[in-house]
Amino acid sequence: MKTELSKLGKPASNLSARVISEQISTLIDRLSKKGQCIVIWEKERLLFCSMDSRNAQRYLAKPTCLGVYDADVTYWDVQKDLKEILQRG
């Protein structure tokens, strides 16, 4: 079963839809427990950074930054933002 992310035909989409789905689910789970964080796409995975981190400004400046998410983000919001990043890359 393929998601829209796997249909992009970009090098980063070589990951299976299942792996990307698991990463998004992990992000949503983390947000429900820890609150707000910055998310970037790097080396074919989602990386999280606390807003309090000394790396926060560096993460926000990256062209692969999906944005700042909090506990009310949905799976589809993250998927849409990741799709935009992959299409730009």
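In this predicted model, strands β1 and β3 run antiparallel and are joined by 4 bridges. One of the pairings places I40 opposite C65, its bridge partner in β3. On β1 there is also an antiparallel pairing with β2, here through 6 bridges, and I38 has C49 of β2 as its bridge partner. The β1 and β2 strands make a hairpin with 2 residues between them, and K43 in the turn adopts a positive phi of about 55 degrees.

Taken together, the strands give an open sheet of 3 members in the order β2-β1-β3, with antiparallel pairing. Each of β2 and β3 has a single partner strand and stands at an edge, so one side of each is left without a neighbour in the sheet. From one strand to the next, the twist averages 25 degrees.

Two helices lie across this sheet. Helix α1 crosses β1, β2 and β3, running at about 15 degrees to β2, while α3 lies across β1, β2 and β3 at about 155 degrees to β3.

A closer look at α3 is rewarding. This helix spans residues 75-88, and its 14 residues reach 20 Å from the first C-alpha to the last, close to the 20 Å expected at 1.5 Å a residue. Its buried residues are Y75, V78, Q79, D81, L82, I85 and L86. These residues cover an arc of only 165 degrees around the axis, which puts them on the same side of α3. Their cover includes α1 (17-34) as well as β1 (37-42), β2 (45-50) and β3 (65-69). Turned away from this buried side, the other face of α3 carries the exposed residues W76 and R88.

Note on methods
Residues are numbered from 1 along each chain as its sequence is written. This is a predicted model: local features need pLDDT of at least 70, side-chain atom pairs count only at pLDDT 80 or more; totals for chains, interfaces and linings use all residues. Side-chain values use heavy atoms; hydrogens and water are left out. The expected span of a helix is 1.5 Å times one less than its number of residues. Buried means under 20% relative accessible area, exposed over 50%, partly exposed in between (1.4 Å probe, protein chains only). The arc is that of the directions from the helix axis to the C-beta atoms. Contact means heavy atoms within 4.5 Å. Two strands pair if DSSP finds at least two bridges between them. Axes are lines fitted to C-alpha atoms, for helices over the stretch in contact, and angles run from 0 to 180 degrees between N-to-C directions.
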